[in-house]
Amino acid sequence: MGSIPNGLFSSLPEVEKDEVFALIGQFRSDKHPDRVNLGVGVYFSDEGKSRPLEVVGKVEKSMHEQHDVTRHDYIPIEGDDRFLSAARDLVFSPSFPTPLKEQKADPRIVSVQTISGTGANHVGARFLADHLKPRCVWVSDPTWANHHVIWESVGVPPRTYPYYNKSNCTLDFSGMMDVLERESQPGDAILLHACAHNPTGLDPTREQWIAIADLCHRKRLFPFLDNAYQGFASGDPVQDSWAIRYFHQYQPPMEMCVAQSFSKSFGLYGQRAGAFHLVLNDTSANTKDNVLGNLAQLIRGEYSVAPRYGSTIVRTILESESLSNEWSAELQLMSSRIRSMRLALYEELCRLGTPGSWIGMFSYTGLTPAEVEVLKKQYHIYLLASGRASIAGLNSHNVKYVAAAISAVRAKSHLN
Ligand SMILES: Cc1ncc(COP(=O)(O)O)c(C=O)c1O
């Protein structure tokens, strides 16, 4: 038998595995009883379990009982109208839940349904790459690693603005503004996390948001707000979408867009419910139709239509005032459990006199990659190499164990 020639794909560039999903795999194969997953941004109960939201379970039950024969049909390319108007309201309306009869569609907004928040980021990036043609996109340093992947994949190079002050674990607002002021150019896009910044957990204050919006207006930057954690920063979805509404209502009007995810806020991670909203200045029917047509063509070529199961659940909840209130209460519960765990970890680390600066710590621990590796190997605690810990993986049973492990690892590196 002759030798088999090299295949066409034998010399592809090697790429690193996605860190979050690689950690999930490692965690699953670690059978140690004390293992702790602080890697993935998924909410776990105090028993350390995944659990659908009760309101979601209730809606699913009623959906199954209805035996709707159209339940597996395609939705339109742009998405389910009712879902989109409820989704839009959740980000742009100052009151929640908005009674149905009071909902007014804003003629400036064009919305399409996407494959969750990642899909919304991608559709938005692709659309802007094709039609705005920004020289670059400004992203925070650090940011969600996928922002780099998404923008590079559409041919728009990401550039970073400072965001995190390592020395005191605070937002480096002046560093951010200085770089953007000096180096950004009209027509550049700028990616901003609407709330609960991933990975630092540090958000600008309202005064700082106002200054960011002024800068975007003055320097003619295109704001792209990524809204993946609405309700997780404060527990209140209206408060958490304040920055989006501020940009939306800015005078003189500014064009901008929002990528919206329902993965975390409704616990619908694998169902891929999301939306992309583009706010226009020209609201003529012709322009809106054209924009929607272009977005629809892009979607058709990429995934044809979005999935309907998760979006039907979201729509059913948001269209009902009482279900919306139930959802808000669960959101409150999830965000307050995370807050109390963060505090418990912080207090335990201070009690143990752990070297390091734990003040203002959110999900960014400041642990070094070497310390993170020891935590994984010796203590079966999994977090990102950057030191980002998903506090939702802590619970009343493991918080002391995690604090003691961090403390031991820190003490050892300070001795070395
Ligand atoms: C900042 C940010 N944007 C968007 C997403 C998108 O998530 P999904 O595609 O699951 O909705 C995430 C998820 O981790 C995120 O952290």
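Where does Pro199 lie?

**Exercise 1. Prolines and backbone around the β7–α7 loop**

Task: place Pro199 and describe the backbone of its loop in this predicted model.

Solution. Start with the secondary structure. Pro199 lies in the loop that joins β7 (189-193) to α7 (206-219). Next, take the peptide bond that precedes this proline: from Asn198 to Pro199 the bond is cis, and omega is near 20°. Then look at Ala196, which is found in the loop between β7 and α7. Phi of Ala196 has a positive value, near 50°, although the residue is not glycine. Finally, link the loop to the ligand: Asn198 is one of the residues that come nearest among the 13 around the ligand.

**Exercise 2. A second cis bond**

Task: state which peptide bond leading to Pro142 is cis, and locate the proline.

Solution. The bond in question runs from Asp141 to Pro142, with omega near 5°. For the location, use the flanking elements: Pro142 is in the loop between β3 (137-141) and α5 (145-153).

**Exercise 3. The ligand shell**

Task: describe the residues around the ligand, by element, by class and by polar contact.

Solution. First, list the residues that come nearest out of the 13 around the ligand: Ser116, Thr118, Asn198, Asp226 and Ser261. Second, ask which element gives the most to the shell; this is helix α4 (residues 116-131), with four residues. Third, sort the shell by class: seven residues are polar, three are nonpolar and three are charged. Fourth, take the polar pairs, for which the cut-off is 3.5 Å between N or O atoms. Ser116 places a polar side-chain atom 2.6 Å from a ligand oxygen. For Tyr229, the distance between a side-chain N or O atom and an oxygen atom of the ligand is 2.8 Å. Ser263 also has a side-chain N or O atom 2.8 Å from an oxygen atom of the ligand. Last, consider cover: the ligand taken alone exposes 400 Å², and the protein buries 90% of that.

**Exercise 4. The two domains**

Task: characterise how domain 1 and domain 2 meet.

Solution. Begin with the bounds. The domain assignment gives domain 1 as 19-51 + 325-411 and domain 2 as 55-319. The C-alpha centres of domain 1 and domain 2 are 27 Å apart. Then count contacts: 21 residues of domain 1 touch 28 residues of domain 2, with contact taken as heavy atoms within 4.5 Å. Interface size is often expressed as the accessible area lost when the parts come together. Between domain 1 and domain 2 about 2,000 Å² is buried, and carbon and sulfur atoms give 58% of this area.

**Exercise 5. Pro107**

Task: locate Pro107 and name its contacts beyond its sequence neighbours.

Solution. Pro107 is found in the loop between α3 (81-92) and β2 (109-115). With neighbours within four places in sequence left aside, Pro107 is in contact with Thr283 and Lys288. For Pro107 and Ala385, the sequence separation is 278 residues and the C-alpha to C-alpha distance is 44 Å.

Definitions and conventions. Residues numbered from 1 in each chain as written. Predicted model: local features only at pLDDT ≥ 70, side-chain atom pairs only at ≥ 80, totals over all residues. Heavy atoms only, no water. Near = heavy atom within 4 Å. Polar contact = N/O pair within 3.5 Å; in protein donor to acceptor, adjacent residues only side chain to side chain. Areas by Shrake-Rupley, 256 points an atom, 1.4 Å probe, with all protein chains shown as cover. Helix = DSSP H or I, 4+ residues; strand = E, 2+ residues; numbered from the N terminus. Nonpolar A, V, L, I, M, F, W, Y, C, P; charged D, E, K, R; others polar. Domains from an automatic or database assignment. Buried area = accessible area lost by both parts, 1.4 Å probe.
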